[in-house]
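Here is a short report on one protein chain. Keep the model in view while reading.

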Amino acid sequence: MAASLGPAGGGGAGAAHGSGPSGFAFDSGLEIKTRSVEQTLLPLVSQITTLINHKDNTKKSDKTLQAIQRVGQAVNLAVGRFVKVGEAIADENWDLKEEIKIACIEAKQAGETITALTDVSSLNRPDSDGQITIFTDKTGVIKAARLLLSSVTRVLLLADRVVIKQIIRSRNKVLATMERLEKVNSFQEFVQIFSQFGNEMVEFAHLTGDRQNDLKDEKKKAKMAAARSVLEKCTMMLLTASKTCLRHPNCESAHKNKEGVFDRMKVALDKVIEIVTECKTNGENDISSISIFTGIKEFKMNIETLRENLYFQSKETLSVMLEALLERTEDFTDCAYTSHEHRERILELSAQARMELQQLISVWIQAQSRKTKSIAEELELTILKISHNLNELKKELHSTAAQLAADLLKYHADHVVLKALKLTGVEGNLEEETFQVTGQQIISAAETLTLHPSSKIAKENLDVFCEAWESQISDMSILLREINDVFEGRRGEKYGYLSLPKPMKNSANLRSLKADKPDSEEQAKIAKLGLKLGLLTSDANCEIEKWEDQENEMVLSGRNMSSMAYSLYLFTRGEGPLKTYQDLIHQLEVFAEEGLKLASSVQDFSKQLKDDDKLMLLLEINKFVPLCHQLQTIIKTPLQNQVFLKVDKCITKARSMMAVLVQLLSLCYKLLKKL
């Protein structure tokens, strides 16, 4: 059995959550529940803050009292769910049980206190004199809110330790089985061990997929996605490479081919653990800390500090920084594939940067001795000039790199080299010059086929490696487009799931989600689901058009969600850019993320409002955020052979989100006008 890592949070068919050495059967859904309850609690705590700051002289209308009571009840309900999940984790982790239990007890006490103090429904009655409430004991509410935050944070940190341990244990199981696979000598033994390996890779996929979604750092998230993509592709390569070795045990190139796959997988597994534990292996340095773009950013920050402090740093420091920066540009100018125009432009901008730094230093020295308006203006001008120069250099370097990548992709677009390689392998021609221009693993796979031209498994193995190469070229092309869009400021043009790892063709039978289009019966059913979604999209667009500031963060997120919802609607009609169920699910992932982004923007806006308005808006957010998390949970939950049921649930949930979105946009617009 092979395993497909698939998109973040996904896994192969027949996925099972295995038990670790400690006997803790980890359900990746447990982490989803913990995160979901946490994200439900935090907005409620924000509402509690609003309650605490509620002015005592504000009229206590029945509407206000009911809102206060609803907040208290919602807090207690969320705390109850949170405690239940925490206790489940504690029961399965004896080493952390006592710490988690104590934190859960404190959270429960805090929730009950808040509920009691917000029980104000009868406050306007004559017999309510002497009742202790939020209006008479704000200190009690503050203490309870702090205790709640503290205990929730402790449980989350302890749960995080559990997740990390589970990923490490899962990796160790995979490595142990890989060692057995490396030494296997019979095909029967290989099939048995590889089946176990497939199950372990599926478990690892679930754990690391959830972790990837939780990562806040976009670079770490991208590195995790890349490592998981390598593992997915290598799993299929390992299957055919190992079978080729067993079929041709005395073939050196076959063994070399298999060893290359094992090496790549071990590096990818180490990379995942490095990201999860935030520890570098073998003293490795993070390349992002020494990248040329980072160097330009730091240099600009240093020269800009001169506006505030002329004695903050030395002239020598700036000179050394610039030289180190310009030395890195030699990677571009010394490259044989860099065009003459790009090389000349980079050299010209580098020389100009050196000259402008000397001019800056000269003015800087004068400014230290002469405190005049004219010298201050001249200093400002020289800072702006060198900053502009470095911005131009950054653009030129990006343009050069993008051009080199585009040329490489264009060269490989028609896969002429791979076709020639396959042909020479079948012909048994070891002198073909194409061996020099492709990856080492493809070369060893091709060499094996040339030595055994009639071997079906050797041919299948080469096909798998060539397919992986084609997939990689396709991924690079998409990523290059995304990078260019970000660099040129077109962040709004989302490509959704394009950066996520995609399953290979040969592992189609292992996908937990079929990639085909809906059949006629399914299309008829989802068409009914989509009609309301289309209407809600129109409603959302009408609300968005009312806003004068079309660049407002809430408007941008709302427009993105409306656009994606319209794509979902078109899918239900058998039209639009989304062609398969996989396309739809991936689009829904981005839709849910955009919803959470919108909720964050609305919450920031709520901080500008008065108490009653703020409370009203936060209650609406509290309806919206759980829907986003529920959609994410449905997307991640595997439903074997029930793809349409999953799609049905997802579209229904997206429809509910759009209904609340329309209300949110309308309310925010009114409150903004009022403000």
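Phe-190 is found in helix 5, residues 187-214. The model is a predicted one. How buried is Phe-190? Its relative accessible area is 2%. Buried means under 20%, so Phe-190 counts as buried.

Which residues touch Phe-190, leaving aside its neighbours within four places in sequence? They are Leu-181, Val-184, Leu-239, Ser-242, Lys-243 and Leu-246. Ser-242 lies 52 residues from Phe-190 along the chain. The C-alpha atoms of Phe-190 and Ser-242 are nevertheless separated by 8.4 Å.

**Helices 7 and 8**

Two helices can be checked against the span expected at 1.5 Å a residue.

| Helix | Residues | Number of residues | Expected span | Span in the model |
|---|---|---|---|---|
| Helix 7 | 252-277 | 26 residues | 38 Å | 38 Å |
| Helix 8 | 292-304 | 13 residues | 18 Å | 18 Å |

For helix 7, the distance between the end C-alpha atoms agrees with the expected value. Helix 8 is close to its expected value, taken from first C-alpha to last. Just after helix 7, Glu-278 takes a positive phi of about 60°.

Helix 8 also contributes a set of buried residues. They are Ile-292, Thr-294, Gly-295, Ile-296, Phe-299, Lys-300, Asn-302 and Ile-303. The set includes Lys-300 and Asn-302 as well as Phe-299. In an α-helix there are 3.6 residues a turn, so residues three or four places apart point the same way.

**Helix 7 against helix 14**

Two packed helices are described by the angle between their axes and the distance between the axes. How do the axes of helix 7 and helix 14 cross? They come within 8 Å and cross at roughly 155°. Helix 14 covers residues 440-451. Angles over 145 degrees count as roughly antiparallel, and helix 7 and helix 14 are therefore roughly antiparallel to each other. The crossing of helix 7 past helix 14 is left-handed.

From helix 7, the contact draws on Ser-253, Ala-254, Lys-256, Asn-257, Gly-260, Val-261 and Arg-264. Helix 14 supplies Gln-440, Gln-441, Ser-444, Ala-445, Glu-447, Thr-448 and Leu-451. By class, this contact has 7 polar, 4 nonpolar and 3 charged residues.

**The whole chain**

The protein chain has 20 helices and 0 strands. Of its 675 residues, 50% are buried. Among contacts with a separation of 6 or more, 76% join residues 24 or more positions apart. The pair Phe-190 and Ser-242, in contact and 52 residues apart along the chain, is one example.

Terms used. Residues numbered from 1 in each chain as written. Predicted model: local features only at pLDDT ≥ 70, side-chain atom pairs only at ≥ 80, totals over all residues. Heavy atoms only, no water. Axes fitted to C-alpha atoms, helices over the stretch in contact; angles between N-to-C directions. Helix = DSSP H or I, 4+ residues; strand = E, 2+ residues; numbered from the N terminus. Parallel < 35°, antiparallel > 145°, perpendicular 65-115°, else oblique. Left-handed = near helix turned anticlockwise from the far one by under 90°. Contact = heavy atoms within 4.5 Å. Nonpolar A, V, L, I, M, F, W, Y, C, P; charged D, E, K, R; others polar. Expected span 1.5 Å × (residues − 1). Buried < 20%, exposed > 50% of the residue type's maximum accessible area, 1.4 Å probe, protein only.
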